[in-house]
Amino acid sequence: MAERLVKVYSRFNRIWHWLQVLSILMLLFTGTRIMSLHPILPFQAAVTLHTLTALFLLVLWAFATFWLFTTENWKQFIPRYEGLPAVIRFYAWGVFKGEPHPYHKAYHRRHNPLQALSYLALKVVLFPAIWISGLAYLGYTFWAPADHASFWLTIVANIHILAAFSVATFVVLHVYLLTIGHGFREHVRPMITGFEKVEVSAEAEAYFAAEKPERLKEEAQS
Amino acid sequence: MAAQAEVAAAGVPAAALVGSSTADHSKFEVLKKPFASGPEVTQACLSCHTEASDQVMHTVHWQWDYTQPETGQLLGKSEVLNSFCGNVAGNEARCTSCHIGYGWTDVREEASSDPTQVDCLACHDTSGQYAKQDNQAGKPPLDPVAPGAKTITGAVAWAVNLSEAAQSVGAPGRDNCGNCHFYGGGGDNVKHGDLSSVLYAPSRDVDVHMSSEGADMTCVDCHVTEGHAIDGSRFATNVTDPHAADRLPGAASDVAACDSCHTNAPHPATVVGLKLNDHTDRVACESCHIPSFARGGIATKTLWDWSTAGRLTEDGKVISEHGYTQGNGTELHSYISTKGNFEWAENVVPHYAWFDGNVTFTLRDTVIDPTSRVEINQLHGDAADQDSRIFPFKRMEGRQAFDTVSNRLAFNHAYGPGTDTAFWVNFDWAKSLQAGMDYVGEGFSGNFGFVDTYMYWPIAHMVAPARDAVDCAECHSPGGRMVNIAGIYVPGSGLGMGGKLGLLVFMMGALGVLGHALLRVFGAARRKRGGAEHG
């Protein structure tokens, strides 16, 4: 096993990630305005931007979900126990002692077990909570004639807001965790260039060299 | 389609040229004569319009009696008490000057059944010189006009030419309605707040429907009439008339609500418009589209405190103080001995409340709790009711007389020149209230006090142009216009449970990150120090 710079994030993967970043920041910015937590933007503009951004993000998610399942990439998010306690122990203890990160990224497993688990939770709990509540909120007109619609709207809106704060919390944790280990820049660079130093077997390396030479890069920058 | 459009376009000037009515009343022989009284004119009208008086006499406009369908309460001007002059009963010749008849001098009795007593001209005169005198129980000022006489709009009275008026009749215009309805409560815009003399010729900013720069509509364009029964009531209000855009223009409607014409999805199908349409199932159109009332320079009375009335100068003269100058420059009383203290306001932000159109009145037999504020008309409706809307109101503050033994509101005798009980002549509350209660046949203990009241007046006129509609943030902000509205979710008005919990989660996450980072920094520092010691 050797560590090589391999292209792990395809162009679509990176575009998806960064458009999602922009959308979520825009949604948090306009959403907090709608909640009157800051005064920037008129209310109507905030609502309109929020709606348009949300619809854009839903389309993006539809493409991303299709992409995940038509490529092998969905497997990156399958949770597994192996290595999880070591990673948890590292963040809770070892990191303060200056220990190295216990996980070594592999081409077929680029996320550490805790990372994979949290992204999975994000994808199957938090994101559905926010877009289902958001669509119910947006589509109020279709169920407004129902009994106690005003009460249910209150419930829907509160779920939406709770989920939104949870996403905001994820963003904070996500960005913070980039500072651990090799450092913030090192962690952000792969999502820009697509290339990351991962363990590849000799067979895989031979395969890339023969069939996908563009996926391998000689180490020059670091 | 093109041919139809041409016909319609060509039809407008043609119609203007020949006149839209099939009858020119100035050509009727029966009207070409001098008339000595109003009833004589009515008799002439009835010679063709044989059923007109019978129709009128079946309406609340004539009867001033109305049985509220939801509560069963007997309402109407002849029954209710209000926060303004108080009561019609006992003060007739003045208060019934706005009745659409001639000479109803005792509202304890039904209005006359004599068909000639209906005042056709009040609603149908288009000569503009017909008027009703302010103290003749509905009769017009005729030659010779008594010195000092006034019309119901407060103008110096002139001798009305009944023949000219009779020959001018047509569909009611704004002044026909406005001469009474703009002056309710004894002066311009005193009572309603959204009905003032400004509406005779409003700018587009004041009323987008009635302005000649707008739709140039008259009252009866919305208050559609059938058989002389006119839509619209504040005793049983149609707060909404939801329907899709499937009702053709001119289709029969007996409801004078905004959505009768505008549908319940009036905004365009854009991202903004669709969200605005989401409001219509809970918020009445008026709540956003009438940003404030008493616009255009005429103030409305917002407080009337009767308890201070009767204060006189040392030599027994009436005191009058001017404490408010309204937009058009007119000074208004802030105190007058006959009526007490007033407050006035213009461009008033409405009071908002859930409303299904029904009201329960505090009537003569209602026992009140004088230790708290009494609602003269209690509004029905709440968030759980599909037919309720958040509706704007003028909330009138009153302080008015009640019997401190029976705890019931007291009728007054205010108007009555030549009597020894009328308050406006004698300034004696005990006499005035005793006479008022005797008149309506209610017992009176002789002990009285004054209780604070609220009275709610639905605001439905003075619709502003769309660009002046209430801004979103007026409601969608902490302490916004919806601050007292329960049972509905108003984004931006404050964090609910989800928001508070979410904020807590976020704060804990942020604090966790901060703590983690600090521990890392300390750890690194210690390792560095340790490394130095051992190195």
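These exercises walk through a two-chain model, each with a worked solution.

The model is predicted: local features need pLDDT of at least 70, side-chain atom pairs count only at pLDDT 80 or more, and totals for chains, interfaces and linings use all residues. Residues are numbered from 1 along each chain as its sequence is written, while chains are lettered from A and ligands numbered from 1 in the order in which they are written.

**Exercise 1. Outline chain A**

Task: State which secondary structure elements chain A has, and in what order they run.

Solution.
- Step 1. Fix the terms. Helices (H or I, at least four residues) and strands (E, at least two) are DSSP runs, numbered from the N terminus.
- Step 2. Count. Chain A has eight helices and three strands.
- Step 3. Read the order. From the N terminus, chain A goes β-α-α-α-α-α-α-α-β-α-β.
- Step 4. Add the extent. The C-alpha trace of chain A spans about 65 × 40 × 35 Å along its principal axes.
- Step 5. Add burial. A residue is buried if 20 or more other C-beta atoms lie within 10 Å of its own, exposed if 12 or fewer, and partly exposed in between; C-beta atoms are placed from the backbone. Of the 222 residues in chain A, 21% are buried.
- Step 6. Add contacts. Two residues are in contact if their C-beta atoms, placed from the backbone, lie within 7 Å. Take the contacts in chain A between residues at least 6 apart in sequence: 72% of them join residues at least 24 apart.

**Exercise 2. Build the sheet of chain A**

Task: Work out in what order the three strands of chain A lie in the sheet.

Solution.
- Step 1. Set the rule. Two strands pair if DSSP finds at least two bridges between them.
- Step 2. Place the strands. The sheet of chain A is open, its order is β2-β1-β3, and the pairing is antiparallel.
- Step 3. Find the edges. β2 (195–200) and β3 (216–217) of chain A each have a single partner strand, so one side of each has no neighbour in the sheet.
- Step 4. Check one pair. β1 (residues 2–7) of chain A pairs with β2(A) over six bridges, in the antiparallel sense. Ala2(A) has Val200(A) as its bridge partner in β2(A).
- Step 5. Add the helix. α8 (residues 202–211) of chain A packs on the sheet and touches β1, β2 and β3 of chain A. The direction of α8(A) makes about 35° with that of β1(A). For such angles, axes are lines fitted to C-alpha atoms, for helices over the stretch in contact, and angles run from 0 to 180 degrees between N-to-C directions.

**Exercise 3. Describe the contact between the chains**

Task: Say how many residues each chain gives to the contact.

Solution.
- Step 1. Count. Chain B gives 37 residues and chain A gives 34 residues.
- Step 2. Name the elements. On the side of chain B that touches chain A, α11 (271–277), α15 (472–475) and α16 (497–534) of chain B give two or more residues.
- Step 3. Pick the main one. α16(B) gives the most to that side, with 16 residues.
- Step 4. Sort by class. Ala, Val, Leu, Ile, Met, Phe, Trp, Tyr, Cys and Pro count as nonpolar, Asp, Glu, Lys and Arg as charged, and the others, Gly among them, as polar. The side of chain B that touches chain A has 20 nonpolar, 11 polar and six charged residues.

**Exercise 4. Divide chain B**

Task: Find where the domains of chain B lie and how many residues each gives to their contact.

Solution.
- Step 1. Set the bounds. Chain B is divided into domain 1 (30–170) and domain 2 (187–404 + 447–482). Domain bounds come from an automatic or database domain assignment.
- Step 2. Take the distance. The centres of the two domains of chain B, taken over C-alpha atoms, are separated by 25 Å.
- Step 3. Count the contact. Domain 1 of chain B gives 20 residues and domain 2 of chain B gives 22 residues.

**Exercise 5. Follow one strand of chain B**

Task: Decide which strands pair with β15(B), and in which sense.

Solution.
- Step 1. Check burial. In β15 (residues 448–458) of chain B, eight of the 11 residues are buried.
- Step 2. Take β11 (residues 374–375) of chain B. β11(B) pairs with β15(B) in the parallel sense over two bridges.
- Step 3. Take β13 (residues 389–403) of chain B. β13(B) pairs with β15(B) in the antiparallel sense over 11 bridges. Met396(B) has Met455(B) as its bridge partner in β15(B).
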